[in-house]
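User: I'd like to learn how to read a structure like this one, feature by feature. Could you walk me through it?

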Amino acid sequence: SFPTRRSSDLRVSEMCALLWENCDFENNTVNVVHNLLYTKGKSGVTTRIMTTPKSQAGIRKIPMLSKVREALLEEKALGRNISYEGYNGFVFATNKGTLFEAGYVGRLLRDMIERYNIDESVNAEKENRQPLYIEKFSPHQLRHLFCSMLCEQDVSPKLLQEIMGHANFSVTMDVYAEFTAEKKQTELQQIEKKLTFQLI
């Protein structure tokens with residue numbers, strides 16, 4: 001399965017480390033308490049490391065949205081029991097039953113986009129229309145998208161910081177300010193259209 005199929009406030013390393021015990025389906029929350037990192041030693045061998053988030057802000061409880069709940073329950077129904085280094089019940093795993101890692105997720109996403117665009121090119125030619133391609137994007141951009149979606153719902157910057165796990169409030173405010181600027185520009189354009197219509 002593919003852990004970035006839903007927009008999410010989780011970092012890829014947090015998704016890769018997610019355990020079923022972290023998913024509270026009764027209260028619809030997800031407890032973020034681990035990162036799964038990959039590090040290369042002096043010998044060149046890459047190893048997995050389960051760690052706690054680098055800041056206290058990274059340890060958090062986030063809401064489990066209904067679409068996320070559905071996706072998680074689909075994963076749970078597969079009945080896999082993936083363990084590593086004493087940690088049991090990883091939520092996400094490859095088709096081979098191995099753990100995901102951030103680089104692999106990024107490559108998988110790029111491959112999915114590439115396959116879609118190839119199919120879209122063929123279908124558009126058959127249907128005699130312009131193809132609608134998906135631009136390449138990273139898993140981290142999905143996180144940024146989710147943050148922007150929360151801004152659209154007028155979530156307060158402080159709550160936004162808590163949900164996203166930003167250690168520095170300035171990071172949250174940078175995202176919030178960027179979204180606000182875009183929203184302001186869109187609203188001004190809409191107002192201009194209405195004023196033009198009224199003047200005519």
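User: Let's begin with the largest pocket. What is its volume?

Analyst: Rolling a probe the size of a water molecule over the atoms shows where empty space is left. In this predicted model, the largest pocket comes out at about 340 Å³. It is lined by 20 residues, and those closest to its centre are Arg11, His140, Arg143, Gly165 and His166.

User: Which elements each supply at least two residues of that lining?

Analyst: Helix H1 (12-16), strand S3 (35-40), helix H4 (139-152) and helix H6 (169-199) do. The largest share, four residues, comes from H4. By character, the lining of the largest pocket divides into seven nonpolar, nine polar and four charged residues.

User: Then H4 deserves a look. How do I read a helix, and which residues of H4 are buried?

Analyst: An α-helix has 3.6 residues a turn, so residues three or four places apart point the same way. In H4 the buried residues are Pro139, Leu142, Arg143, Phe146, Cys147, Ser148, Leu150 and Cys151. Arg143 thus appears in both lists: it is buried in H4, and it is among the residues closest to the centre of the largest pocket. As for length, the 14 residues of H4 reach 20 Å from the first C-alpha to the last, close to the 20 Å expected at 1.5 Å a residue. Just after H4, Asp154 takes a positive phi of about 60°.

User: Now single residues. Is His34 buried or exposed, and why?

Analyst: The cut-off for buried is under 20% relative accessible area. His34 counts as buried because its relative accessibility is 16%. It sits in the loop between strand S2 (29-32) and S3. Leaving aside neighbours within four places in sequence, its contacts are Ser13, Glu14, Ala17, Met50, Thr51, Pro53 and Tyr87.

User: And where is Leu19, and what does it touch beyond its sequence neighbours?

Analyst: Leu19 is in the loop between H1 and strand S1. At 2% relative accessibility, this leucine is buried too. Setting aside neighbours within four places, Leu19 is in contact with Tyr87, Asn88, Gly89, Phe90 and Val91. Tyr87 is a contact of His34 as well. Between Leu19 and Asn88 the C-alpha distance is 7.1 Å, although 69 residues separate them in sequence.

User: Which residue of helix H5 can I look at in the same way?

Analyst: Try Ile163, which lies in H5 (residues 157-164). Its relative accessible area is 9%, so Ile163 is buried. Its C-alpha is 9.1 Å from that of Ala57, 106 residues away along the chain.

User: How does the protein chain look as a whole?

Analyst: The protein chain has six helices and seven strands, running α-β-β-β-β-β-α-β-β-α-α-α-α from the N terminus on. Buried residues make up 35% of its 200 residues. Among contacts between residues at least 6 apart in sequence, 55% join residues at least 24 apart.

User: Last point: where is confidence lowest, and where is it highest?

Analyst: Where pLDDT is low, the predicted coordinates should not be read in detail. The protein chain averages a pLDDT of 80, and 83% of the residues score at least 70. Confidence is lowest in H6, at a mean of 65, and highest in S1 (residues 23-24), at 94. Over residues 1-7 the pLDDT is below 50, yet in the model this stretch has 28 contacts beyond near neighbours in sequence.

Definitions and conventions
Residues are numbered from 1 along each chain as its sequence is written. This is a predicted model: local features need pLDDT of at least 70, side-chain atom pairs count only at pLDDT 80 or more; totals for chains, interfaces and linings use all residues. Side-chain values use heavy atoms; hydrogens and water are left out. Buried means under 20% relative accessible area, exposed over 50%, partly exposed in between (1.4 Å probe, protein chains only). Contact means heavy atoms within 4.5 Å. On a 1 Å grid over the protein atoms alone, a cavity is a set of points where a 1.4 Å probe fits but cannot get out, and a pocket is an open set with protein on both sides within 12 Å along at least five of seven lines; lining residues have an atom within 4 Å of a point. Grid points are joined across faces, edges and corners, and a volume is the space filled by probe spheres set on the points. Ala, Val, Leu, Ile, Met, Phe, Trp, Tyr, Cys and Pro count as nonpolar, Asp, Glu, Lys and Arg as charged, and the others, Gly among them, as polar. The expected span of a helix is 1.5 Å times one less than its number of residues. pLDDT is the predictor's confidence in each residue, from 0 to 100.
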